[in-house]
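Q: I'm new to reading protein structures and would love a close look at one part of this one. Could you walk me through a pair of neighbouring strands and what surrounds them?

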Amino acid sequence: MGSITPSGGYKIQEVPLGSPRPFRLVCIDAGYSGLLLSIIVGQKMQGENLDYQVYEMNGDLGGKWLVNSYYATASSIHHYLKDTAVKYGHKVTSAVWDEEVGEWCLTVIDMAKGTEFEDRCNALVNATGFLQ
Ligand SMILES: Cc1cc2nc3c(=O)[nH]c(=O)nc-3n(C[C@H](O)[C@H](O)[C@H](O)COP(=O)(O)OP(=O)(O)OC[C@H]3O[C@@H](n4cnc5c(N)ncnc54)[C@H](O)[C@@H]3O)c2cc1C
């Protein structure tokens with residue numbers, strides 16, 4: 001795909017107006033927020049040009065309901081969450097906006113393997129929980 005670089009430095013893509021571009025969305029969290037977003041993406045974004053990734057640092061999903069159990073119902077809530085999603089085990093350690101490319105640049109640790117890798121996305125949902 002060709003592009004024009006005007007003197008200002010930015011690039012104009014030579015594609016028809018309104019052409020869908022590949023879009024990558026990353027969500028940090030496999031708690032309630034991440035699960036809800038995953039369901040919405042699965043239901044509403046079928047057939048769209050969307051690449052979707054969830055990263056979760058715990059070896060299991062559930063977020064607050066994985067680590068807090070002061071309510072008797074915590075375990076049933078956790079089991080409900082477990083039944084509706086899968087395990088991930090990836091911790092996002094850094095998210096930096098790359099101004100030049102217009103993308104988020106993430107550093108991710110694969111906690112099972114102990115390795116680190118980089119990922120990029122157009123949009124980032126930070127749902128890491130504000131009630132610690
Ligand atoms: C003690 C307590 C009691 C509560 N009681 C209630 C209640 O009775 N009813 C109610 O509705 N809500 C309650 N809440 C609120 C609770 O936070 C929400 O119910 C809900 O669990 C929030 O979901 P979430 O997905 O937004 O965040 P969380 O459940 O916090 O999930 C965040 C997830 O992000 C992951 N994460 C964080 N940082 C990273 C990283 N860098 N890389 C990868 N993964 C990461 C965490 O491991 C976690 O799994 C309570 C919270 C607390 C702390």
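A: Let's begin with strand S3, residues 23–28, which pairs with S4 in the parallel sense over 6 bridges. Please keep in mind that this is a predicted model. Strand S4 covers residues 50–55. To find one point where the two strands meet, look for Val-26, which stands opposite Gln-53 in S4. Between the strands comes a helix: S3, helix H1 (residues 32–44) and S4 together make a right-handed β-α-β unit.

Now stay with Val-26 for a moment. If you leave aside its neighbours within four places in sequence, Val-26 is in contact with Gln-53 and Tyr-55, and also with Leu-106, Asp-119, Cys-121, Ala-123, Leu-124 and Val-125. Val-26 also belongs to the largest nonpolar core, which has 7 residues in all. The other members are Ile-28, Tyr-55, Val-92, Leu-106, Val-108 and Cys-121. Both S3 and S6 supply at least two residues of this core. There is a general idea to take along here: in soluble globular proteins, nonpolar side chains tend to be buried together.

A second, separate core holds 6 residues, including Ala-30, Leu-35, Val-54 and Leu-61. Two of these are good to visit. Val-54 lies in strand S4. With a relative accessible area of 5%, Val-54 counts as buried, because buried means under 20%. Val-54 and Val-125 are 71 residues apart in sequence, yet their C-alpha atoms are 9.4 Å apart in space. Ala-30 sits in the loop between S3 and H1, and its relative accessible area of 7% makes Ala-30 buried as well. Ala-30 and Leu-81 are 51 residues apart in sequence and 9.1 Å apart in space, again from C-alpha to C-alpha.

Next, follow the largest core over to another sheet. This open sheet has 3 strands in the order S5-S6-S7, with antiparallel pairing. Strand S5 (90–98) and strand S7 (115–121) are at the edges with a single partner strand each, so one side of each has no neighbour in the sheet. From one strand to the next, the twist averages 20°.

You can trace the pairing residue by residue. S5 and strand S6, which spans residues 103–110, are joined in the antiparallel sense by 8 bridges. Val-92 has Val-108 in S6 as its bridge partner, and both of these valines are members of the largest core. Further along, Val-96 stands opposite Cys-105 in S6. The two strands form a hairpin with 4 residues between them, and Gly-102 in the turn has a positive phi of about 75°. On to S7: it runs antiparallel to S6, and 7 bridges join the two. Here the bridge partner of Trp-104 is Cys-121 in S7. Cys-121 should look familiar, as it is among the contacts of Val-26.

Finally, step back to see where these parts fit. The chain has 3 helices and 8 strands, and from the N terminus its elements run β-β-β-α-β-α-α-β-β-β-β. Of its 132 residues, 25% count as buried. Among contacts between residues at least 6 apart in sequence, 50% join residues at least 24 apart. On the outside, the chain exposes about 9,100 Å², with carbon and sulfur atoms supplying 56% of that area.

Technical notes:
Residues are numbered from 1 along each chain as its sequence is written. This is a predicted model: local features need pLDDT of at least 70, side-chain atom pairs count only at pLDDT 80 or more; totals for chains, interfaces and linings use all residues. Side-chain values use heavy atoms; hydrogens and water are left out. Buried means under 20% relative accessible area, exposed over 50%, partly exposed in between (1.4 Å probe, protein chains only). Contact means heavy atoms within 4.5 Å. Accessible areas come from the Shrake-Rupley method with a 1.4 Å probe; for residues, only the protein chains shown count as cover. Two strands pair if DSSP finds at least two bridges between them. Axes are lines fitted to C-alpha atoms, for helices over the stretch in contact, and angles run from 0 to 180 degrees between N-to-C directions. A crossover is right-handed if, with the strands pointing away from the viewer, the path from the first strand over the helix to the second runs clockwise. A nonpolar core is a set of buried Ala, Val, Leu, Ile, Met, Phe, Trp, Tyr and Cys residues joined through side-chain atoms within 4.5 Å.
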